[in-house]
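Student: I would like to learn how to read helices and burial in a model. Can we work through a case?

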Amino acid sequence: MRNMQYLTSKHRIGVTTPARLEQRADTSEDLVAAAVDALNEMGNITAHQCFTHPETLTEDRITAYALALMRLRECASTAGFDRLVNACDALAVTVSRLIEDRSCICREKCEALTRFVGHAKTMIQMSIERAKRCTLPVPEIHTPSDRVNVERNVRASI
């Protein structure tokens, strides 16, 4: 139970909790920026010798990764990035196992944590591009029958 209390603690220095995130993230740009921030933090945590020396992934670093993952999930959920939310949920199982049992830390799990960061950045980029394509204005297409109706209306009004 101590680990769960530790994860939900708002007294961690230098860590933004989901509750604080909701107060400052008003627009989709803010949400994306916060998500990228969380991803960068996650990348920094796993970048330091994680592959060659998995034991360097201490309890504090795993917990910081978990908190960043929670922030990322919150941003993704609010922004409507469902695929990223599902990916965060899937990775949460691995992270929770690492928190509970540090003896299961191995090179493969470190690789999975690091690989997730790259995949998540790609998912965010794809979601942004998809949203831009969906919001582009659709040009009006006039059919020949529309042109005839407009000409009739113009003649009738003259």
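The dialogue below takes up one helix, then two residues.

Tutor: This is a predicted model, so local features need pLDDT of at least 70, side-chain atom pairs count only at pLDDT 80 or more, and totals for chains, interfaces and linings use all residues. Residues are numbered from 1 along each chain as its sequence is written, and side-chain values use heavy atoms, with hydrogens and water left out.

Student: What span should helix α5 have, and what does the model show?

Tutor: Helices are DSSP runs of H or I, at least four residues, numbered from the N terminus. The expected span is 1.5 Å times one less than the number of residues. Helix α5 covers residues 82-100, 19 residues, so 27 Å is expected; its end C-alpha atoms are 27 Å apart, which agrees.

Student: Where is the kink in α5 centred?

Tutor: A bend is the angle between axes fitted to the seven residues ending at a residue and the seven starting there. In α5 the kink is about 25 degrees, centred on Ala92.

Student: Is Leu84 buried or exposed?

Tutor: Buried means under 20% relative accessible area, exposed over 50%, partly exposed in between (1.4 Å probe, protein chains only). Leu84, in helix α5, has 1%, so Leu84 is buried.

Student: Which residues does Leu84 contact beyond four places in sequence?

Tutor: Contact means heavy atoms within 4.5 Å. Leu84 meets Leu72, Ala76, Phe116, Ala120, Met123 and Ile124.

Student: What about Thr46: buried or exposed?

Tutor: Thr46 sits in helix α3. Its relative accessibility is 1%, so Thr46 is buried. Beyond four places in sequence, Thr46 touches Arg61, Tyr65, Leu113 and Thr114.

Terms used
Helix = DSSP H or I, 4+ residues; strand = E, 2+ residues; numbered from the N terminus.
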